[in-house]
Amino acid sequence: MGNLDATRDKILILVELIIVIAVLHYATPTEPHYYHKIHILMRKLYLLPPLVAAAWFGLRGGCATALVVSIVFTLHAYLDWPGNYMEQANQVGELVGFWVAGAVPGWLFDRQRSLLQELADANEETLIALVSALDLREHKTHLHSQRVREYTELIASRFGVDEKTRRVIGIGALLHDVGKIAVPDSILLKADKLTDQEWRVMRKHPEAGYHMVKQIGFLKDAAEIVHAHHERCDGMGYPRGLKGDEIPLGARLFIVADVYDALTSQRPYRSPMTHEAATAEILDGDAGHFDPLVVATFMAIPPEELRSIAERHQDGELPF
């Protein structure tokens with residue numbers, strides 16, 4: 001809905017801009033000569049809407065706006081067609097200018113967006129490869145983080161989070177355990193219970209991940225989720241002991257998604273739970289662990305949507 005509202009607002013601005021320019025153009029007389037200069041200036045303003053549309057909507061938006069402006073301009077020319085040949089040529093030149101103003105920048109903006117999207121896709125593929133390697137190292141599965149990311153984004157969507165923020169939250173969920181790069185294998189992969197000293201080392205991974213991720217410009221907001229993904233709403237989590245709303249929303253959403261994936265995934269020490277058993281566990285679990293509003297939002301999600309994510313990122317046999 002956010003994108004649709006933004007698009008509608010931009011279209012309304014363009015319509016209002018064209019109307020204002022047309023009124024000024026139509027209302028300004030061509031005689032005497034002083035007014036004619038102002039009239040020509042008003043005519044130049046018609047270049048503005050196609051340029052703005054090109055920046056907002058690319059080639060198609062720029063050309064569509066150029067067409068509207070051309071119709072408005074041509075109507076005025078028809079009503080007040082000059083007898084002077086040079087002025088007629090000027091007006092035809094203006095029409096060409098509207099299309100150039102809409103088409104050329106529109107194509108350039110489309111090209112820029114395409115290149116930026118390719119760069120963003122490449123960055124995301126690199127991040128997915130990184131977390132897949134981490135998941136294989138610890139969980140013997142390369143899809144845990146991708147499932148948790150999609151569960152978190154789904155809960156965020158139902159929670160009313162806008163698309164841009166959902167993307168940041170999703171990246172934070174994807175990278176939540178990146179700090180475990182700093183945890184020695186002797187601790188991370190230990191089959192027995194960890195000692196108190198080993199737990200102190202393990203509990204440093206959110207801070208380690210935060211310091212890694214925050215140094216990357218486009219991941220700074222996601223770093224906050226990495227930092228807080230082991231906090232609890234009752235303040236008993238780590239590393240900072242945050243309580244309730246002190247925990248970033250993305251982390252509160254992630255906590256529920258992570259527990260759900262842990263319960264419904266195959267683990268070395270137990271078989272996966274059914275959706276029904278996992279949701280019952282979340283409802284009956286430690287009330288201080290989760291944000292009640294997030295749990296309520298999660299519980300309202302149809303089971304088939306969660307199963308769809310699990311099936312799309314289902315762990316199978318590794319090819320090695």
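This text looks at one pocket and one pair of packed helices in a predicted model. In this predicted model local features need pLDDT of at least 70 and side-chain atom pairs count only at pLDDT 80 or more, while totals for chains, interfaces and linings use all residues. Residues are numbered from 1 along each chain as its sequence is written, and side-chain values use heavy atoms, with hydrogens and water left out.

The second largest pocket (an open set of points on a 1 Å grid over the protein atoms alone, where a 1.4 Å probe fits, with protein on both sides within 12 Å along at least five of seven lines) has a volume of about 610 Å³. Its lining, meaning residues with an atom within 4 Å of a point, consists of 22 residues, and Ala120, Lys164, Arg167, Val168 and Phe218 lie nearest the centre. Two or more lining residues come from each of helix H4 (85-139), helix H5 (144-158), helix H6 (163-174) and helix H10 (220-228), and H4 gives the most, with eight residues.

Helix H5 also packs against helix H14 (residues 303-312), at an angle of about 155° and with the axes 9 Å apart. That angle makes H5 roughly antiparallel to H14, a term used for angles over 145 degrees. The contact (heavy atoms within 4.5 Å) is made by Arg147, Glu150, Tyr151, Leu154 and Arg158 of H5 together with Glu305, Leu306, Ile309, Ala310 and Arg312 of H14.

Terms used
Grid points are joined across faces, edges and corners, and a volume is the space filled by probe spheres set on the points. Helices (H or I, at least four residues) and strands (E, at least two) are DSSP runs, numbered from the N terminus. Axes are lines fitted to C-alpha atoms, for helices over the stretch in contact, and angles run from 0 to 180 degrees between N-to-C directions. Angles under 35 degrees count as roughly parallel, over 145 as roughly antiparallel, 65 to 115 as roughly perpendicular and the rest as oblique.
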